[in-house]
Amino acid sequence: MIPHLAVAELRKSFGSKEVLAGVSLEVRAGEMLAILGPSGCGKSTLLRIVAGLLDKNGGSVRIAGKDVDGVPARNRGVGFVFQDYALFPRMTVRENIAFGLRVRGMDTRGRNGKADAMLGLVGLSEEADRPVDRLSGGQRQRVALARALAVSPSLLLLDEPLSALDIKVRERLRREIASVQKKVGITTLVVTHDQQEAMELGDRVAVMNEGRFEQIAPAREVYQDPATEFVARFVGEANILPGQMYKGFAYAGSLAIRMVGNGAGGDGSPVRVILRPEDISVHPAGNGEAGRVRAIVGSASFLGSHLRVELATEEGYALTALLLRSHAMAGRISRGDHVSVGALRGSVLPDPAGRRDPEYFL
Amino acid sequence: MGRFRNIDGLVRWGLFASAIGLFLLLILLPLVSLNQYAVREGVGVFWDRLKAPEALYALRLTAVIALAATAVNAVIGTALAFMLTRYRFPGRKALNALVDIPLAIPTVVTGFALLLLYGPLGPAGRFFSERNIQIMFSFPGLLLGHVFVTFPFMVRAVGAVLESVPRSGEDAARTLGAKEGQVFFLVTLPAIREGLVAGAFLTFSRSLGEFGASIMVSGNLVGRTQTAPLYIFSRFNTGDVEGASAIAILLALASFLILLVLQLVQPGTGGKGETA
């Protein structure tokens with residue numbers, strides 16, 4: 001099956017600054033793909049090029065198998081939702097939604113009927129005749145979504161659609177967008193710098209940095225088995241330690257880590273071990289089990305559902321651990337305590353610069 | 001309320017008094033004396049002077065020229081404002097600076113330069129006169145002078161509004177299927193309406209009072225190229241103070257009205273009529 005959107009080797013520079021360094025991406029029909037990256041990584045530029053709002057310097061964009069090179073934005077069949085809503089300020093909600101049908105020459109009755117159907121879809125039927133500048137931010141973005149969908153595009157592009165909103169509104173609207181997208185079944189590309197947003201919205205998440213994709217995979221995989229150190233640090237928190245492979249486990253000093261994904265290389269291969277803070281277990285000090293490391297608690301901060309614990313290990317490296325509030329240790333851990341620390345699971349990246357030292361385990 | 005209890009109060013009062021004094025001296029008194037001269041021989045004479053055919057012609061020509069200059073600048077001024085704010089091209093900064101040149105050059109110099117270029121001896125003037133088109137000492141020359149002198153107002157008024165209008169609205173219209181013409185007329189134009197109105201009023205009122213360039217390019221031909229300000233000057237020179245005053249009062253009144261309307265339509269320029 002051909003992907004609905006296929007971007008290949010896309011390049012773009014502004015002056016001497018390269019913003020897209022040859023990126024490739026495929027989105028299946030009906031899929032929602034989230035592009036996640038820090039600001040300035042090129043994700044919005046990619047979206048604007050796909051929409052035809054910006055020229056590319058090289059590469060190709062195919063929508064439904066057709067190269068759209070030279071096709072103006074108005075003929076690409078692409079719906080675009082902007083961070084700042086970009087509603088037409090002197091029009092009512094219904095007029096905004098009907099705009100696309102109006103410029104395509106549909107008669108008033110036809111377009112109002114379609115607009116009202118879209119209003120129902122986003123739950124704004126009551127507001128049809130209000131001027132858009134009377135609406136709340138969340139309502140505005142729902143109007144923008146309805147407006148984009150009203151012309152029945154084959155591809156929906158959302159450019160940081162929620163980042164101008166309050167956190168509560170953002171979380172609610174995130175779910176609404178996801179449900180509307182599934183209901184309409186439209187192929188969607190959403191750009192965000194918010195990892196939760198990317199993971200909740202995206203069937204897959206594409207992590208972008210400095211004009212390149214670092215990893216394109218389902219959210220769980222991106223989190224549990226990041227492809228690069230950048231991904232590990234940008235998506236969630238990570239303890240990253242030098243280590244070596246041995247019999248299917250990774251070892252960082254005496255700390256043994258069971259692999260989530262594939263290991264990297266045979267015994268003695270140098271690796272970078274990625275440990276999520278919630279995958280670190282903390283036990284009372286004492287009869288130190290094999291595979292654990294002794295540590296001193298540097299600080300323990302209460303964060304509501306979690307306790308954040310900074311640890312200094314006996315072997316000289318620092319670790320950050322997150323303990324559930326219900327964890328046996330959470331109630332009685334404090335600065336200066338001696339504890340024993342283990343790892344529940346982790347992943348590794350090959351470390352070409354690391355030292356290969358098979359003697360270590362003998 | 002103990003307003004003079006401290007130095008601050010005194011200083012504030014002093015500033016206030018001198019502002020009022022300057023206003024009286026520089027603005028109000030001249031207007032009052034203008035009024036006095038206009039009706040010195042009685043309202044009947046004032047009315048007669050106003051109704052003199054040359055006076056009426058000068059007033060009409062002034063209005064027509066001002067409207068035409070406003071119309072021309074509305075188009076090219078908006079186009080230039082658009083270029084300067086929406087596109088990046090080499091020489092943009094230089095062009096942006098050049099826009100204000102008509103404000104810096106004395107209007108007489110502008111008129112003189114136009115005269116040299118388009119006049120009977122100028123290269124452009126010869127080119128057109130060979131084709132039986134007379135630019136100088138006729139309507140086209142006057143219009144040219146007025147368009148040049150009032151040029152910056154429309155560009156600046158529209159440019160300021162364009163700067164504050166995000167481009168995403170235009171982009172949204174494009175992705176929704178709008179052609180470039182529809183983008184401009186349905187999205188951009190409504191968004192810059194305030195700037196256009198403000199620019200039009202500024203251009204119009206500046207054109208009403210234009211003197212320096214007009215006197216050079218018009219030849220000051222009574223009943224043909226004589227605008228109201230030129231008429232005032234000519235009347236005064238021939239000793240008809242009442243005639244000059246009558247038209248002057250009318251021009252002053254018109255400018256005042258325009259200023260008033262501008263205050264009312266333009267939000268954010270102070271006053272209580274703000275709707276932001």
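**A sheet in chain A and the contact between chains A and B**

In this predicted model, chain A holds an open sheet of 5 strands, paired in the antiparallel sense and arranged in the order β13-β12-β11-β14-β20. The edges of this sheet are formed by β13 (255-258) and β20 (347-350) of chain A, each of which pairs on one side only. From one strand to the next, the twist averages 40°.

At one of these edges, β20(A) pairs with strand β14 of chain A, which spans residues 270-275; the two strands are antiparallel and joined over 4 bridges. Within this pairing, Ile274(A) has Ser347(A) of β20(A) as its bridge partner. In general, the strands of a sheet pair through backbone hydrogen bonds.

Attention now turns to the interface. Chain B contributes 19 residues to the contact and chain A contributes 20 residues. About 1700 Å² is buried between the two chains, and carbon and sulfur atoms give 61% of this area. Of the area that chain B buries against chain A, 39% is supplied by Thr175(B), Leu176(B) and Leu186(B), more than by any other three residues.

Polar interactions also cross this interface. There are 2 salt bridges between chain B and chain A; the side chains of Arg90(A) and Glu194(B) meet in a salt bridge at 3.6 Å, N to O. In addition, 6 residue pairs are in polar contact between the chains. On the side of chain B that touches chain A, the elements giving two or more residues are α9 (168-175), α10 (180-191) and α11 (193-208) of chain B. The largest share, 7 residues, comes from α9(B). By class, this side of chain B has 9 nonpolar, 5 polar and 5 charged residues.

Note on methods. Residues numbered from 1 in each chain as written. Chains lettered and ligands numbered in written order. Predicted model: local features only at pLDDT ≥ 70, side-chain atom pairs only at ≥ 80, totals over all residues. Heavy atoms only, no water. Pairing = 2+ DSSP bridges. Axes fitted to C-alpha atoms, helices over the stretch in contact; angles between N-to-C directions. Contact = heavy atoms within 4.5 Å. Buried area = accessible area lost by both parts, 1.4 Å probe. Salt bridge = Lys/Arg side-chain N within 4 Å of Asp/Glu carboxyl O. Polar contact = N/O pair within 3.5 Å; in protein donor to acceptor, adjacent residues only side chain to side chain. Nonpolar A, V, L, I, M, F, W, Y, C, P; charged D, E, K, R; others polar.
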